[in-house]
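Open the model in your viewer and keep the selection tool ready. The tour goes stop by stop.

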Amino acid sequence: MEENANYFKVNKETWNKKVGIHAQSAMYNMEDFKSGKTSLMPYELEALGDVKDRSLLHLQCHFGQDTLSWSRRGAKCIGVDLSDEGIKLAKKLNKDLELDAEFVCTNVLDTSKHISKTFDIVFTSYGVIGWLPDLKPWAQMIADRLKVGGTFYIVEFHPILWMFDYVDGESVMKYHYSQKEVIYEEYEGTYANQSSKMVSKEYGWNHGLSDVVNSLIEAGLKIDYLNEYDESPYDVFPNLTKQANGMYRMKDQLFPMIFELKATKI
Ligand SMILES: C[S@@+](CC[C@H](N)C(=O)[O-])C[C@H]1O[C@@H](n2cnc3c(N)ncnc32)[C@H](O)[C@@H]1O
């Protein structure tokens, strides 16, 4: 749709600006990453296990840290992202670290226009589906890019978190759990550097868990499990406290912060 094209264009400009800021941020800790520390979190490491020699398509890979972390574990990876600055930096990191990942700049919904091979694993994580207006074409693309018997795994912020507006450091319930109408936000800073002066202009959509599950089932995947957790590996919402296990929690935890879903192409 014409208007979606404009939303994607604005989002791409914002993500392009975020790349340089995120690459310098404490959150993405480039120094440790370059010296070998994985950027992957316990959830995805546990869920996908041994990936050695398995082909892996990473959707919405930002500037490639997670893709390259899977490469370091022996997977044959392709990362895709809308941001050309992100893909440029991902390719540079791949070269500097002498890894063998490939990267493609594309809207994730157009992945199959650029990549025709099928994969053992399709992976995506933390802050991805909210950039997509409709999960049906996304799920269909995932099914098309998986080998029969292949695994799709997503670990993502819980849709309840996106019902709130966090712009002024307060959490105000403002949006529907599953909102088809586009949500526009404009604010200073980014989740990885809140004191940055960059202005984020973003269009997003809220998808409830039934949207995620049903779009994947309709595309022909079998859901292996869906889990919800009262913690987040990232300190990206107001007033979180770090736990002994390294995860972040809200003070009065009344709802989950992340979910994970594993599915198989049948
Ligand atoms: C929050 S980040 C992904 C998180 C990832 N786990 C990380 O921290 O590296 C979201 C990514 O989605 C990408 N993105 C947003 N809309 C997209 C679209 N329509 N197609 C492909 N990538 C998109 C952005 O460029 C960004 O790199």
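How do the residues that line the largest cavity divide into nonpolar, polar and charged? Keep that question in mind while you make the first selection. Note that this is a predicted model.

**Stop 1: the cavity**

Select Ile129, Gly130, Glu156, Phe157 and Pro159, then add Trp162, Trp205, Asn206 and His207. Together these residues line the largest cavity. Five of the lining residues are nonpolar, three are polar and one is charged. The space inside comes to about 40 Å³. The structure holds one cavity of 30 Å³ or more.

**Stop 2: an aromatic pair**

Keep Trp205 and add Phe8. The count of aromatic pairs comes to 20. Phe8 and Trp205 form one that is tilted, with 6.4 Å from centre to centre and 55° between the planes. Phe8 belongs to helix α1, while Trp205 sits in the loop between β9 (199-204) and α8 (209-218), so the pair ties together parts 197 residues apart in sequence.

**Stop 3: two helices**

Now select helix α1, residues 2-23, and helix α5, residues 84-96. Two packed helices are described by the angle between their axes and the distance between the axes. Here the angle is about 35°, and the axes lie 7 Å apart. Show side chains at the contact. From α1 come Lys12, Asn16, Val19 and Ala23; they meet Asp84, Glu85, Gly86 and Leu89 of α5. The residues of this contact divide into three nonpolar, two polar and three charged.

**Stop 4: the sheet**

Switch to a cartoon view. Look for an open sheet of seven strands. Walk across it in the order β3-β2-β1-β4-β5-β13-β10; the pairing is mixed. Which strands stand at the edges? They are β3 (102-105) and β10 (221-229); each has a single partner strand, so one side of each is left without a neighbour in the sheet. From one strand to the next, the twist averages 15°.

Zoom in on β1 (residues 55-59) and β4 (residues 119-125). These strands run parallel and are joined by three bridges. Pick His58: opposite stands Phe123 in β4.

**Stop 5: helices across the sheet**

Bring back α5. This helix lies across β2 (76-81) and β3, and runs at about 170° to β3. Next, select helix α7, residues 135-145. Helix α7 lies across β1, β4, β5 (146-157), β10 and β13 (258-265). The angle of α7 to β5 is about 140°.

**Stop 6: a pocket**

For the last selection, take Phe164, Tyr166, Ser171, Phe237 and Pro238, followed by Asn239, Met250, Lys251, Asp252 and Phe255. These line the second largest pocket. How much space lies in the second largest pocket? About 220 Å³. Colour the lining by type: six residues are nonpolar, two are polar and two are charged.

Notes: Residues numbered from 1 in each chain as written. Predicted model: local features only at pLDDT ≥ 70, side-chain atom pairs only at ≥ 80, totals over all residues. Heavy atoms only, no water. Axes fitted to C-alpha atoms, helices over the stretch in contact; angles between N-to-C directions. Helix = DSSP H or I, 4+ residues; strand = E, 2+ residues; numbered from the N terminus. Contact = heavy atoms within 4.5 Å. Nonpolar A, V, L, I, M, F, W, Y, C, P; charged D, E, K, R; others polar. Pairing = 2+ DSSP bridges. 1 Å grid on protein atoms, 1.4 Å probe; cavity = no way out; pocket = protein on both sides within 12 Å on 5 of 7 lines; lining within 4 Å. Points joined across faces, edges and corners; volume = space filled by probe spheres on them. Phe/Tyr/Trp six-rings, centres within 6.5 Å; stacked < 30°, edge-to-face > 60°.
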